[in-house]
Amino acid sequence: MNEVEKIDHAKELIAEAIQNYPRIGVACSFGKDSMVTVHIAREVDPKIHIFSVMTPYKPKESFEYLKFMNKKMNLAVTVFLVADSVPEILKDNAIKMVLLPTEEFKTKKAEVERISASDFYRVDPDECCRLLKVEPTKVAVSNLDAWITGLRCTEGRTRTDYEEVEEKGGLIKINPILTFTEAEIWRYMSTRGIEPHPWYALGYRSLGCEPCSGPGGELERDCRWQNTSKCGGECGIHTQTLKTLDSVN
Ligand code: SF4
C-alpha cells in the first residue's frame, strides 16, 4: 500500500470499529504516532473519546505539549494519573483528570529504594510500569469495548508481529497505523501542520517517562529503558490483558 492507501485503510478500520463498538476510545501518549492516530480518528469522528495515561515521571514538556495540543485540537482529553492531586502544570478546564490511588506505588517504591539504594524505575521497571501505566490503562479501558492505539510494527524489536485488530479478554484493540513507517508519520504530521513534541528536535525517536527515554537508537524504541532488563521493550499495556471476560460490562 502507498501512503494514501494506508491512510484510507486506517480510516476504514476506525470507521468499522466505531460502528461495531460504540464504546471506543483512542489512547494518546502525545508522541508522534499517537498524534497521527488521533488526527486520523477525528477525521472519521471529530468527537471520538481521547484518553491519555500519564505518569509523574513524564517530562514537563509532555505535560505542556498535552495541554497545548488538547486546546489547539479541541481534543477534550481525559487524563488518568496516579497522583494525590492534579499537578499545577495540568490544571486546565479543558482537561478531564482522573486521579488514581498512590498508596501501592508509594509503598513499593519506598521498599525497593530502601533495599537497593537505587531508583525504583531502574531496579524494577516492570513493576513501576505496571503500577503507573498498566493498572491505570486498565481503569481507562474499563468502560470501553474497544480502544485504538498508535502502535507501529517497525518501532522496535517487540512490535513486529502485532495484528491490526486484536482481542484480549473481550477487549478489542485496533492498531490502524500498524504499517506506517517512521518517515510516513513525519510526512503526515508536516503536511497537516501538526507540530511535534519538542523532544523530537533533541534526537528522541520514542517518548516515554523522562528517566526511561533517551535520544538516538537504531530502532525507534532502542533507547527506552536503557541499561535495564527491559531495554527497548514494552511497558506492558500492549502485552498484558487489560480486561477479563468477567469484567466486560
Ligand atoms: S517508563 Fe520508567 S518511570 Fe515510567 S512507569 Fe515505566 S519504569 Fe516507571
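Biologist: How many residues of the shell around the ligand are nonpolar, polar and charged?

Modeller: First, a friendly caution: this is a predicted model, where local features need pLDDT of at least 70 and side-chain atom pairs count only at pLDDT 80 or more, while totals for chains, interfaces and linings use all residues. Residues are numbered from 1 along each chain as its sequence is written, and side-chain values use heavy atoms, with hydrogens and water left out. Ala, Val, Leu, Ile, Met, Phe, Trp, Tyr, Cys and Pro count as nonpolar, Asp, Glu, Lys and Arg as charged, and the others, Gly among them, as polar. On that split, the shell has nine nonpolar, no polar and one charged.

Biologist: Which helix gives the largest share of that shell?

Modeller: The shell (a heavy atom within 4 Å of the ligand) includes Pro 125, Cys 128, Cys 129, Leu 132 and Lys 133, along with Tyr 57, Tyr 121, Cys 209, Cys 212 and Trp 225. Helices (H or I, at least four residues) and strands (E, at least two) are DSSP runs numbered from the N terminus. Five shell residues, the largest share, come from residues 125-141, which form helix H6.

Biologist: Is Ser 52 buried or exposed?

Modeller: Ser 52 belongs to strand E2, residues 49-53. Leaving out residues up to four places away in sequence, Ser 52 touches Cys 28, Ser 29, Phe 30, Leu 66, Val 77, Thr 78, Val 79 and Phe 80, a contact being heavy atoms within 4.5 Å. Under 20% relative accessible area is buried, over 50% exposed and in between partly exposed (1.4 Å probe, protein chains only). Because Ser 52 has 0% relative accessibility, Ser 52 is buried.

Biologist: What distance separates the C-alpha atoms of Gly 150 and Lys 32?

Modeller: Gly 150 lies in the loop between strand E5 (146-148) and strand E6 (165-168), and is buried at a relative accessible area of 12%. Among residues more than four places away in sequence, Gly 150 touches Asp 33, Thr 37, Glu 155 and Ile 177. Lys 32 is 118 residues from Gly 150 along the chain, yet their C-alpha atoms are separated by 8.7 Å.

Biologist: What is the radius of gyration of the chain?

Modeller: The chain has seven helices and seven strands, in the order α-β-α-β-α-β-β-α-α-α-β-β-β-α. The globule rule (2.2 Å times the number of residues to the power 0.38, with the radius taken over C-alpha atoms) gives 18 Å for 249 residues. The chain comes close to that, so it is as compact as a globular protein of that length, with a radius of gyration of 17 Å.
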